[in-house]
Amino acid sequence: MSKVILVVCDALRDDTARQQMGYLEHLVEAKAATRYKVIGELPSMSRPMYETLHTGVPASKHGVTNNRVVRRSKMPNVFQIASENNKTTAAAAYGWVSDLYNRAPYDPIDDREVDDPNLLIQHGRFYIEDSYPDSELFATAGMLVRKFQPDYLLVHPMGMDYLGHTYSSDSQEYRNNAIEQDQIMANLIPEWLEAGYIVIVTADHGMTSDKMHGGTSLEVRQVPLYFIPPDGQGKGDTNTTLSQLQIAPTVCHLLGLPIPETMTQTPFA
Ligand SMILES: [Zn+2]
């Protein structure tokens with residue numbers, strides 16, 4: 001059983017990660033990480049995919065069919081199963097994640113910073129501005145690890161989504177922010193591996209040159225997945241494709257948690 005940090009880089013395209021994220025791709029090249037391509041579920045929208053990533057079921061089953069469904073999750077999910085099994089949970093994430101697993105609707109003052117063992121996300125640090133800097137978000141995640149040593153931590157930066165909507169995925173702003181995120185992770189991931197964490201880096205959906213996502217094109221469906229184990233024994237680039245529905249049962253499996261019947265896909269690690 002392991003501790004897991006799941007980094008969900010909002011709106012990070014697979015090809016952008018491959019071309020711009022030199023640190024993560026170095027880990028792949030050195031076989032210290034395993035790389036997969038993920039075919040994202042539909043609709044390629046944020047809130048439905050936050051729920052899919054944590055429940056392992058598609059939007060038609062979990063019911064969070066669009067960004068305007070503001071309520072808590074009704075499905076067995078990673079935060080719930082972890083906290084029921086006496087694991088410590090934490091998140092540095094967008095307020096919609098607090099909606100799904102802590103309290104809905106998100107109150108930007110009351111829910112911003114929570115440390116409560118009775119919540120599904122016990123140590124939560126949330127933001128609601130899409131322009132919230134990735135550097136601040138990752139620093140918060142680093143703090144949560146040092147201060148609380150959570151068994152499961154969600155790290156959720158919004159910079160790729162914000163810059164993609166503002167400038168398009170075909171812009172220097174979008175591409176260069178992938179380099180920025182990669183450099184920030186290059187600073188944090190060695191410490192997290194040293195502390196025994198498995199680090200998984202992926203995305204909820206991609207981004208188009210039309211400054212949007214939501215459809216079915218490869219630009220919005222193909223996202224990367226880097227699996228970085230603490231022992232440095234990765235498999236390099238597998239050139240294989242995973243279903244996004246496999247992520248939740250994989251996290252449960254890695255944490256040593258029972259996998260609920262609703263998560264029907266096979267763990268990939
Ligand atoms: Zn978006």
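Modeller: An axis here is a line fitted to C-alpha atoms, for a helix over the stretch in contact, and an angle is taken between N-to-C directions on a scale from 0 to 180 degrees. The model is predicted. In it, the axes of helix 7 (residues 134–148) and helix 9 (residues 172–194) come within 10 Å and cross at roughly 5°.

Colleague: Why is helix 7 called roughly parallel to helix 9?

Modeller: The limit for that label is an angle under 35 degrees. The crossing is at roughly 5°, so helix 7 counts as roughly parallel to helix 9.

Colleague: Which residues make the contact, and how do they divide by class?

Modeller: Helix 7 contributes Asp134, Ser135, Phe138, Gly142 and Val145, and helix 9 contributes Glu180, Gln181, Ile184, Leu188 and Trp192. By class, that contact has 5 nonpolar, 3 polar and 2 charged residues.

Colleague: Helix 8 (residues 159–167) also packs on helix 9, at an angle of about 170° and with the axes 9 Å apart. What makes that pair roughly antiparallel?

Modeller: The cut-off is an angle over 145 degrees. The value is about 170°, so helix 8 is roughly antiparallel to helix 9. On helix 8 the contact residues are Gly159, Met160, Leu163, Gly164 and Tyr167; on helix 9 they are Glu173, Tyr174, Asn177, Ala178 and Gln181. They divide into 5 nonpolar, 4 polar and 1 charged.

Colleague: What makes helix 11 (residues 247–254) mostly covered?

Modeller: A residue is buried if 20 or more other C-beta atoms lie within 10 Å of its own. In helix 11, 7 of the 8 residues are buried: Ile247, Ala248, Pro249, Thr250, Val251, Cys252 and Leu254. Their cover includes strand 1 (3–8), helix 3 (46–55), helix 5 (78–84), strand 6 (152–155) and strand 7 (197–202). After helix 11 comes Gly256, with a positive phi near 75°.

Colleague: How do you know that both faces of strand 6 are covered?

Modeller: In a regular strand, side chains alternate between the two faces of the sheet. In strand 6, Tyr152 and Leu154 lie on one side and Leu153 and Val155 on the other, and all are buried.

Colleague: How do you know that strand 6 pairs with strand 1 and with strand 3 (residues 89–94)?

Modeller: Pairing needs at least two bridges. Strand 1 and strand 6 have 4 bridges, in the parallel sense, with Val7 bridged to Val155 of strand 6. Strand 3 and strand 6 also pair in the parallel sense over 4 bridges, and there Ala90 stands opposite Leu153.

Colleague: Why is strand 2 (residues 34–39) called largely enclosed?

Modeller: Because 5 of its 6 residues are buried, strand 2 is largely enclosed by the rest of the structure. It is joined by 6 bridges to strand 8 (residues 222–228), running antiparallel, and Tyr226 of strand 8 is the bridge partner of Arg35. Another 5 bridges join strand 2 to strand 9 (residues 236–243), running parallel, with Lys37 opposite Thr241.

Colleague: The chain has 11 helices and 9 strands. Why is it called as compact as a globular protein of that length?

Modeller: The radius of gyration is 17 Å, close to the 18 Å that the globule rule gives for 269 residues, so the label applies. Along the principal axes, the C-alpha atoms fill a box of roughly 40 × 40 × 35 Å. Of the 269 residues, 54% count as buried.

Key
Residues are numbered from 1 along each chain as its sequence is written. This is a predicted model: local features need pLDDT of at least 70, side-chain atom pairs count only at pLDDT 80 or more; totals for chains, interfaces and linings use all residues. Helices (H or I, at least four residues) and strands (E, at least two) are DSSP runs, numbered from the N terminus. Angles under 35 degrees count as roughly parallel, over 145 as roughly antiparallel, 65 to 115 as roughly perpendicular and the rest as oblique. Two residues are in contact if their C-beta atoms, placed from the backbone, lie within 7 Å. Ala, Val, Leu, Ile, Met, Phe, Trp, Tyr, Cys and Pro count as nonpolar, Asp, Glu, Lys and Arg as charged, and the others, Gly among them, as polar. A residue is buried if 20 or more other C-beta atoms lie within 10 Å of its own, exposed if 12 or fewer, and partly exposed in between; C-beta atoms are placed from the backbone. The radius of gyration is taken over C-alpha atoms; the globule rule is 2.2 Å times the number of residues to the power 0.38.
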